[in-house]
Amino acid sequence: KPGEYKHSKEPSSLPCMHLAVVACGDRLEETLIMLKSAVLFSNRRLCFHIFAEDSLKPEFEKKLKEWPSSYTKKFEYNIYPITFSVGNAQEWKKLFKPCAAQRLFLPVILKDVDSLLYVDTDVLFLRPIDDIWHLLKEFNSTQLAAMAPEHEIPKIGWYSRFARHPYYGTTGVNSGVMLMNLTRIRNTQFKNSVIPSGLTWEEMLYPLYQKYKNYITWGDQDLLNIIFYFNPECLYVFPCQWNYRPDHCMYGSNCKGAEEEGVSILHGNRGVYHDDKQPTFKALYEVIRDFPFEDNLFQSLYYPLQSKFLDTVHTLCGRIPQVFLKQIEKTMKKVYENRVIVYLGTNHRY
């Protein structure tokens, strides 16, 4: 009814939600599609922190300015060079994928940011960032970061079978989606295997890398697993639907949270957006990539997605399309309900 819908605060008046990503090499398009998915569905204002090679900065600025004003007003952004505050910069830069180790230095670089969501470039949001941002309030007094398990089943998990270094829990954690209270990280003394006393986050990174560098396979993710092995009380573990990867469906469905609620954040690791090994993941990426910003979400995003999914039912991930569609459908309905209710509450000519 007119006038009945009220926010305690307008979304635009709330502090922005900080989102960080690191883009090097050929990751420009992936990063832009990830940012697009964030802007399409989120309610509160977003602050993007984009860490990129110098050669990519002009292209990021050009592409982001091409987005329609109805969306650019929902975010602000900063683009930073790739920098490492301790140790050998070239060593860090080559650790696992190009520049991925940059995420380890976010608490040191973004000194004025209290909390932050870091994601890999191959992530897609299928619901508002607001929803994962609320998990910061779930942290207890010692928790300062949140990640999802690397696997749900130890007997087929990578860490539980192959790791030659300490790792968190029974299956390790995946760092592709990482929610962080940076203030707590900066103020904490961490237990470690280097010296008996605690070390700050920045003091700890390079000695740990030097100690374990011959045993790590997944670079910075392995270092994070080592850190939280020694400091398990510091980690909040969120369910698999917040970091849903091909591993959750290619060996049979093993993410109960996604089966019940739908995928919240899709993580297309293994390069699945760009090959034909997991066409369900590729379909989602292409539909969001091709969606014209100001078109009807159901007509130009949801229905094309349903159509593409029909071609993937012969695959293990394609057999469970409802897992991929449930949350995105729910999110789009909320977007439209909010627009209609706000419109009726402010426009009395009907």
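In this predicted model, Cys240 has a relative accessible area of 5%, so Cys240 is buried. Its partner is Cys255: the two residues form a disulfide with the sulfur atoms 2.1 Å apart. The torsion about this S-S bond is 100 degrees, and the link of Cys240 and Cys255 is right-handed. Cys240 and Cys255 both sit in the loop between strand E8 (235–237) and helix H11 (256–261), and the pair, 15 residues apart, links distant parts of the chain. At the other end of the bond, Cys255 has 1% relative accessibility and therefore counts as buried.

A disulfide is a covalent bond between the sulfur atoms of two cysteines. With sulfur atoms within 2.5 Å as the criterion, the count for this structure is four disulfides. Counted along the chain, the bonded cysteines follow the pattern 1-3, 2-4, 5-7, 6-8.

Two further disulfides can be followed from residue to residue. Cys16 and Cys47 are bonded, with their sulfur atoms 2.0 Å apart. The link of Cys16 and Cys47 is left-handed, with -110 degrees about the S-S bond. Cys16 belongs to the segment before strand E1 (17–23) and Cys47 to strand E2 (residues 46–52); the pair links distant parts of the chain, 31 residues apart. Is Cys16 buried or exposed? Its relative accessible area is 15%, under the 20% limit, so Cys16 is buried. Cys47 has 6% relative accessibility and counts as buried for that reason.

The other pair is Cys24 and Cys99, which form a disulfide with the sulfur atoms 2.0 Å apart. The link of Cys24 and Cys99 has -95 degrees about the S-S bond and is left-handed. Cys24 lies in the loop between E1 and helix H1 (28–41), whereas Cys99 lies in the loop between helix H4 (89–93) and helix H5 (106–109), so this disulfide ties together parts that are 75 residues apart in sequence. Cys24, at 5% relative accessibility, counts as buried. For Cys99 the relative accessibility is 0%, so Cys99 counts as buried. Another cysteine, Cys234, is at 4% relative accessibility and therefore also counts as buried.

The aromatic side chains come next. A pair of aromatic rings is described by the distance of the centres and the angle of the planes. A search of the whole structure gives 22 aromatic pairs. One of them is formed by Trp67 and Phe75: the ring centres are 5.6 Å apart and the planes lie at 75 degrees, so the pair is edge-to-face. That assignment follows because planes over 60 degrees apart count as edge-to-face. Trp67 and Phe75 are both buried.

Phe309 and Phe324 make an edge-to-face aromatic pair as well, with 5.9 Å from centre to centre and 70 degrees between the planes. This pair links distant parts of the chain: Phe309 is in helix H13 (residues 297–310) and Phe324 in helix H14 (residues 321–346), 15 residues apart. Phe309 and Phe324 are both buried.

Trp67 and Phe75 also belong to an aromatic cluster, together with Phe48, Tyr71, Tyr77 and Phe293. What lies over the face of Phe293? It is Lys36, at 5.0 Å from the ring centre.

On the scale of the whole protein, the domain assignment gives domain 1 (17–238) and domain 2 (241–345). The C-alpha centres of domain 1 and domain 2 are 23 Å apart. Their contact takes 34 residues from domain 1 and 34 residues from domain 2. The size of an interface is often given as the accessible area lost when the parts come together. Here, domain 1 and domain 2 bury about 3100 Å² between them, with 64% of it on carbon and sulfur atoms. In domain 1, the residues that lose the most area to domain 2 are Leu124, Leu126 and Arg127, together 24% of what that side buries.

A point of backbone geometry remains. Most residues other than glycine have a negative phi, and most peptide bonds are trans. Arg270 has a phi near 65 degrees, a positive value in a residue other than glycine. Arg270 is placed in the loop between strand E9 (265–267) and helix H12 (279–290). With a relative accessible area of 47%, Arg270 is partly exposed; the value falls short of the 50% above which a residue would be called exposed.

Key
Residues are numbered from 1 along each chain as its sequence is written. This is a predicted model: local features need pLDDT of at least 70, side-chain atom pairs count only at pLDDT 80 or more; totals for chains, interfaces and linings use all residues. Side-chain values use heavy atoms; hydrogens and water are left out. Rings of Phe, Tyr and Trp (its six-membered ring) pair if their centres lie within 6.5 Å; planes under 30 degrees apart count as stacked, over 60 as edge-to-face and the rest as tilted. Buried means under 20% relative accessible area, exposed over 50%, partly exposed in between (1.4 Å probe, protein chains only). Helices (H or I, at least four residues) and strands (E, at least two) are DSSP runs, numbered from the N terminus. A charge sits over a ring if NZ of Lys or CZ of Arg is within 6 Å of the ring centre and within 35 degrees of the ring normal. Domain bounds come from an automatic or database domain assignment. Contact means heavy atoms within 4.5 Å. Buried area is the accessible area (1.4 Å probe) that two parts lose on being put together, summed over both.
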